[in-house]
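Hi,

Here is the structure I promised to pass on. Have a look at it first, and my notes on what turned up follow underneath.

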Amino acid sequence: MPLRSSSTASRVRVCHRMAACAAVVLAGAAMHLVAAETPASAVETIRLWKADAPGALGTADHDVPVVFWWPAAGAQAPTAAIVVCPGGGYGGLADHEGSDYAKWLNSQGIAAFVLRYRLGSKGYRHPVMLGDVSRAMRLVRAEHARLGIDPARVGVMGSSAGGHLAVTLLTHGDDGDPAATDAVDRQPSRPALGVLCYPVVSMLPANAHAGSRRNLLGDDPPEDLARKLYGELAVTETTPPVFLWHTVEDKSVKLAGVLDLAAALDRHGRPFELHVYEKGPHGLGLGVRPYDPAKLHPWTAECRRWLAERGFVGE
C-alpha cells in the first residue's frame, strides 16, 4: 500500500511498494478536471529571439527555437504556466510529449508553452539546448501580462531527454541579469517547480542514455563538461520542488538515475514526490494515444494533486 513520509524541511511524499528491489506505485485515482476549455492546437508560435538565435547554424525551422503557446482558455487569469520539453534523445521531438501534455495541462487550467529546442541531430551541442529552455522561461515571464500568466508560477516539464533538459534547468537556472540590455534576459530562468516523466538524469556512462549523451555532448566529451550535466550531482539547497515518475519496465532510460536524483533531493532537503510504476514502456507519455482525457495514466491524477497543492491548478 502507499506509504507517505514527510518532513518540515522537505515536505517529501514518496509512494512505493517493494517488487524485485524496485519501488512500485499502484495508483488508481480518478482523473480530476477543471472547467477549462482545451484548444485543438497552439494559438501562437513565439520565437525565442526576434533575430537569429545565438549560435544558429542556419535559418531552417530546426535552427529557430520557438514556443507553441497553448493558453488555458476558460481559466481565471493570471494562470500558472509550464514550459514543456518533449523527449527524443536530443535528436528529435516527440509530439505526444508536447502537444498532448499541453492539452492535459490546459484541462487543469494551466497554460502550456511547448518548446521546440535545437537538437544534436542538427549539429547543435550543449549549452545550446540549455540556452533555449532558459530563454523560454525568461520570455514567458517577460511577456506575462500579454500572455495572462503569473510570473511567480512558471514551471518546467520534460520527458526522457526533454526530462534531462528540464533537470538541467532546475539545477542550473538563475535569477536573471538585472543589468542586461535585453529586457527578457533580466528575468529569472529558474522554474518554480518541475515535472519529470521517465527522465534521462545522468550523463554518467553507466547510467546515461547513450544516444542522448552523444547528441548532447558529442562522441568524446571532456569529463568535466559531462559531469556538470549529471543531474544527480547538481542538486543544491535551491533546487525547486520536483514531481518525478518512471516505470520498472522502461529499459531505454535506467531507473537508477531517477532513484539517484530522488536520493540527492532528499539529502539536500528539497521537496519532491517520486512514483515508480511496475508496468509501462519508455515513451509512455499520458498512457494513451491519441489524446483521450478518459483514459489517462494514473500518474496524471497524482501530478494534478501535487500541482494543486502548489497553487498551479486553475479555479
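Let me start with L48 and its surroundings. Once you skip the neighbours within four places in sequence, L48 is in contact with P65, V66, V67, L115, D132, R135, A136 and L139. Keep in mind throughout that this is a predicted model. L48 itself is found in the loop between β4 (44–47) and β5 (66–70). Is L48 buried or exposed? Its relative accessibility is 1%, so L48 counts as buried. There is also a long-range neighbour to look at: V184 lies 136 residues from L48 in sequence, yet the two C-alpha atoms are 9.6 Å apart.

That same loop between β4 and β5 holds A51, and there the picture is the opposite one. A51 has a relative accessible area of 52%, and the cut-off for exposed is over 50%, so A51 counts as exposed. From A51 to V64 it is 13 residues along the sequence and 9.4 Å in space, C-alpha to C-alpha.

Zooming out a bit, the chain has 9 helices and 11 strands. It runs to 315 residues, and 57% of them count as buried. Among contacts with a separation of 6 or more, 77% are between residues 24 or more positions apart. The accessible surface is about 13,000 Å², with carbon and sulfur atoms contributing 54% of it.

Now the nonpolar interior. The largest core has 57 residues, and the members touching the most others are F113, L115, V133 and L244. Which helix gives the most to this core? That would be α2 (residues 128–142), with 8 residues. Another core lies apart from this one; it has 30 residues, including W70, A80, W104 and A112. Two of the residues above are worth clicking on: L115 is one of the contacts of L48, and L244 touches L196, V258, L261, L265, F272, E273, L274 and H275, leaving out residues up to four places away in sequence.

The aromatics are fun too. The count comes to 8 aromatic pairs. In one of them, the ring centres of Y101 and W299 are 6.1 Å apart and the planes sit at 70°; edge-to-face needs over 60 degrees, so this pair is edge-to-face. The pair links distant parts of the chain, with Y101 in helix α1 (residues 99–107) and W299 in helix α9 (residues 298–309), 198 residues apart. Y101 is buried, at a relative accessible area of 0%, and W299 is buried with 0% as well.

W245 and Y277 make an edge-to-face pair as well, 6.1 Å centre to centre with 80° between the planes. This one connects strand β10 (residues 242–247), which carries W245, to strand β11 (residues 272–277), which carries Y277, and the two residues are 32 apart. Both W245 and Y277 are buried. Ring pairs join Y101, W104, Y198, W245, Y277 and W299 into a cluster. Away from ring pairs, there is a charge over a ring: the charged end of R118 sits over Y124, 5.2 Å from the ring centre.

On cysteines, how many disulfides does a search of the whole structure find? It finds 0. C197 is in no disulfide, and its nearest cysteine sulfur, that of C303, is 7.0 Å away. C197 counts as buried at 0% relative accessibility, and C85 is buried as well, with a relative accessible area of 1%.

Last item: helix α5 (residues 210–217). It is mostly covered, with 6 of its 8 residues buried. Those are G211, S212, R213, N215, L216 and L217. The buried residues of α5 pack against α2, α4 (161–172) and α6 (223–228). After α5 comes G218, which has a positive phi near 90°.

If you only have a few minutes, I'd pull up the aromatic cluster and then the surroundings of L48.

Cheers

Terms used:
Residues are numbered from 1 along each chain as its sequence is written. This is a predicted model: local features need pLDDT of at least 70, side-chain atom pairs count only at pLDDT 80 or more; totals for chains, interfaces and linings use all residues. Side-chain values use heavy atoms; hydrogens and water are left out. Helices (H or I, at least four residues) and strands (E, at least two) are DSSP runs, numbered from the N terminus. Buried means under 20% relative accessible area, exposed over 50%, partly exposed in between (1.4 Å probe, protein chains only). Contact means heavy atoms within 4.5 Å. Accessible areas come from the Shrake-Rupley method with a 1.4 Å probe; for residues, only the protein chains shown count as cover. A nonpolar core is a set of buried Ala, Val, Leu, Ile, Met, Phe, Trp, Tyr and Cys residues joined through side-chain atoms within 4.5 Å. Rings of Phe, Tyr and Trp (its six-membered ring) pair if their centres lie within 6.5 Å; planes under 30 degrees apart count as stacked, over 60 as edge-to-face and the rest as tilted. A charge sits over a ring if NZ of Lys or CZ of Arg is within 6 Å of the ring centre and within 35 degrees of the ring normal. A disulfide is a pair of cysteine sulfur atoms within 2.5 Å.
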